[in-house]
Every structure is written in C-alpha cells, then in structure tokens.
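Subject: Handover of a structure and findings

Dear colleague,

Please find below the structure that I am handing over to you. I should be grateful if you would keep it open while you read the notes that come after it.

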Amino acid sequence: MGYDNRSKAIQDSVRNFVSEYKWLRELKGMKVGILVLVYDHEARGLETALTNAQHKYSNVISSSMHIHLSERDCLEIIALRGEAEQIRSLAEELGKKKGVKQTRLTIVGQ
C-alpha cells in the first residue's frame, strides 16, 4: 500500500478500525448490509452456535451463502435488512464465537 514503515501502516489501520466501529455504533434506523464470516468449521459446537444465532436474528437475515474455502475454513456471506441495532447485535454475537476467524460488516444502503 506504499507505506515506508510498518508503524505508520499499523497506526492508520487502527485509526480506520476505530473510526469504522464508531460509525457503525452510531447507525440508526432501517439499513441493508452484508456480513462476511470466515470460520473453522471443525471448532467444537461452532456450526450449531452460528445456526442458532442466525435463527435468533432471522427477522433481519434476507439470505445467506456458504462457501468451503479449505478442509477447515468456511466463508459465510449473510445479506441483512432491518434495524441497525439488530444488525449490529448479530454481527457482534457471531464475531465473538470461538472459531470465527474474521468478520466484516458492511452497510450498503437503506
């Protein structure tokens, strides 16, 4: 990305993360978004926990797609539409599960 030193790259990355997190926390009203998860499907109990959480938030989930990335890793893409608070809660709940390696919530409109 053109950085000459790693410290500046890390500083910018943390600043962007904090800024995006703050922006997501302030969202209100009806929103449309996409939640992307990468997780280890061999993590004990994780797939059941992910399924249960998705059922709990079925009112904001429009659709989902499951992709096998490797022997262990899976990619889940979840299309969302609903109240920003519920979308945020779902993303946080799924992201905290042991075995989830990465989450990314993107709000794309309303």
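The following paragraphs set out what was found, beginning with the core and ending with the charged residues.

Please bear in mind throughout that this is a predicted model.

The nonpolar core

The largest nonpolar core is made up of 22 residues. Within that core, the residues with the most contacts are Leu35, Leu37, Leu80, Leu90 and Leu94. Two or more core residues come from each of the elements β1 (30-40), α2 (46-56), β3 (73-83), α3 (84-95) and β4 (100-109). The largest share belongs to α3, which supplies five residues.

Leu80 is a good residue to select on your screen. Apart from neighbours within four places in sequence, its contacts are Lys31, Val32, Gly33, Ile34, Leu35, Val60, Ile61, Ser62, Ile87, Leu90 and Leu105. Two of these, Leu35 and Leu90, are themselves among the core residues named for having the most contacts.

The two sides of helix α2

Which residues of α2 are buried? They are Leu46, Leu50, Ala53 and Gln54. These residues lie on the same side of α2, because they cover an arc of only 100 degrees around the axis. On the face turned away from this buried side, α2 carries the exposed residues Thr48, His55 and Lys56.

Lys56 deserves a second look. This residue is exposed because its relative accessible area is 55%, and exposed means over 50%. The side chain of Lys56 also meets that of Glu93 in a salt bridge, with an N to O distance of 3.2 Å. This pair links distant parts of the chain, since Glu93 belongs to helix α3 and Lys56 to helix α2, 37 residues apart.

Salt bridges around Arg72

How many salt bridges does the model contain? The count comes to four. Besides the pair just described, two further salt bridges involve Arg72, as the next lines explain.

In one of them, the side chains of Arg72 and Asp40 meet at 2.6 Å, N to O. Arg72 is in the loop between β2 (61-68) and β3, whereas Asp40 is in strand β1, and the two residues are 32 residues apart. In the other, Glu42 and Arg72 meet through their side chains at 3.4 Å, N to O. Here Glu42 is in the loop between β1 and α2, and the partners are 30 residues apart. Asp40, Glu42 and Arg72 are thus linked in a network of salt bridges.

The members of this network can be compared by their accessibility. Asp40 counts as buried because its relative accessible area is 11%, and buried means under 20%. Arg72, at 39% relative accessibility, counts as partly exposed. Glu42 is also partly exposed, at 46%.

Asp40 has further partners. Its side chain reaches the backbone nitrogen of Glu42 at 2.8 Å. Leaving aside neighbours within four places in sequence, Asp40 is in contact with Leu46, Arg72, Asp73, Gly99 and Lys101.

Lys101 in strand β4

The last of those contacts leads to Lys101, which lies in strand β4. Is Lys101 buried or exposed? Lys101 is exposed, because its relative accessible area of 52% is over 50%. Its side chain joins that of Asp73 in a polar contact of 2.6 Å. Not counting residues up to four places away in sequence, Lys101 touches Val38, Tyr39, Asp40 and Asp73. The C-alpha atoms of Lys101 and Leu37 are separated by 7.5 Å, although these residues are 64 residues apart along the chain.

A buried charge in strand β3

Finally, I would draw your attention to Glu76, which is placed in strand β3. Glu76 is buried yet has no salt bridge. Where is the nearest side chain of opposite charge? That side chain is Lys97, and it is 14 Å away. Glu76 does have a polar contact, of 2.9 Å, between its side chain and that of His66. Apart from neighbours within four places in sequence, the contacts of Glu76 are Leu35, Val36, Leu37, Tyr39, Gln54, Ser64, Met65 and His66. One of these, Gln54, is among the buried residues of α2.

Yours sincerely,

A colleague

Note on methods
Residues are numbered from 1 along each chain as its sequence is written. This is a predicted model: local features need pLDDT of at least 70, side-chain atom pairs count only at pLDDT 80 or more; totals for chains, interfaces and linings use all residues. Side-chain values use heavy atoms; hydrogens and water are left out. A nonpolar core is a set of buried Ala, Val, Leu, Ile, Met, Phe, Trp, Tyr and Cys residues joined through side-chain atoms within 4.5 Å. Buried means under 20% relative accessible area, exposed over 50%, partly exposed in between (1.4 Å probe, protein chains only). Helices (H or I, at least four residues) and strands (E, at least two) are DSSP runs, numbered from the N terminus. Contact means heavy atoms within 4.5 Å. The arc is that of the directions from the helix axis to the C-beta atoms. A polar contact is a pair of N or O atoms within 3.5 Å; within protein, one must be able to donate a hydrogen and the other to accept it, and residues adjacent in sequence count only if both atoms are side-chain atoms. Lys and Arg count as positive and Asp and Glu as negative; His and the chain ends are not counted.
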